[in-house]
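Subject: Structure handover

Hi,

Here is the structure for you to look over. Please open it alongside this note.

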Amino acid sequence: MGLGGCIILIAAGAILTFATDWDMEGVNLDLVGIILMIVGLIGVTTFSSIARRRRVVVPPATTVIDEERHPSRRDGYNDGYGV
């Protein structure tokens, strides 16, 4: 279940708990609404902790200079022309 599903559970639970005055025999809608809100909150916390673990930290790029391929001293003897 994604974050949207968790938010829908919280909203449906709040509607059942606070916005309705229906009476059903054998079912307490206030308790059902509270249970839905709790399940939605558990889902949001679980989703956010999993999303935090998925983030990958990429280290900054470093430049590697190979001294043998690019000599810093060009005096005519190191580049093959002075042989």
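Below is what was found, from the whole chain down to single residues.

First, a caution: this is a predicted model. Every value here is computed from it.

**The chain**

The chain has 83 residues, and buried residues make up 12% of them. Its secondary structure comes to 2 helices and 0 strands. The accessible surface is about 7,300 Å². Carbon and sulfur atoms account for 62% of that surface. I also looked at contacts between residues at least 6 apart in sequence. Of these, 53% join residues at least 24 apart.

**Helix 1**

Helix 1 covers residues 3–19. It has 17 residues. From first C-alpha to last it reaches 23 Å, close to the 24 Å expected at 1.5 Å a residue.

Which residues of helix 1 are buried? They are Cys6, Gly13, Leu16 and Thr17. These four cover an arc of only 95° around the axis, so they sit on the same side of helix 1. The face turned away from that buried side carries exposed residues: Ile8, Phe18 and Ala19.

**Thr17 and its contacts**

Thr17 is worth a look on screen. It belongs to helix 1. Its relative accessibility is 14%; the cut-off for buried is under 20%, so Thr17 counts as buried. What does Thr17 touch, leaving aside neighbours within four places in sequence? Its contacts are Asp30, Gly33, Ile34 and Met37.

**Helix 2**

Helix 2 runs over residues 29–54. Ile34, one of the contacts of Thr17, lies in helix 2. Ile34 is partly exposed, at 37% relative accessible area. Ile34 also pairs up with Ile10 in an inspection of distances: the two are 24 residues apart in sequence, and their C-alpha atoms are 8.7 Å apart in space.

Leu31 is another residue of helix 2. Is Leu31 buried or exposed? Neither: its relative accessibility is 46%, and partly exposed spans the range between 20% and 50%, so Leu31 counts as partly exposed.

**A nonpolar patch**

Leu31 helps make a nonpolar surface patch. The other members are Met1, Ile35 and Val39. The patch comes to about 390 Å².

**Where to look**

For a quick tour, start at the buried side of helix 1, with Cys6, Gly13, Leu16 and Thr17. Go from Thr17 to its contacts Asp30, Gly33, Ile34 and Met37. Finish at the nonpolar patch of Met1, Leu31, Ile35 and Val39.

Best wishes

Note on methods. Residues are numbered from 1 along each chain as its sequence is written. This is a predicted model: local features need pLDDT of at least 70, side-chain atom pairs count only at pLDDT 80 or more; totals for chains, interfaces and linings use all residues. Side-chain values use heavy atoms; hydrogens and water are left out. Patches are made of residues with over 30% relative accessible area and no salt bridge: like charges are joined within 9 Å, nonpolar side chains (Val, Leu, Ile, Met, Phe, Trp, Tyr) within 5 Å. Accessible areas come from the Shrake-Rupley method with a 1.4 Å probe; for residues, only the protein chains shown count as cover. A salt bridge is a side-chain nitrogen of Lys or Arg within 4 Å of a carboxyl oxygen of Asp or Glu. Buried means under 20% relative accessible area, exposed over 50%, partly exposed in between (1.4 Å probe, protein chains only). Contact means heavy atoms within 4.5 Å. The expected span of a helix is 1.5 Å times one less than its number of residues. The arc is that of the directions from the helix axis to the C-beta atoms.
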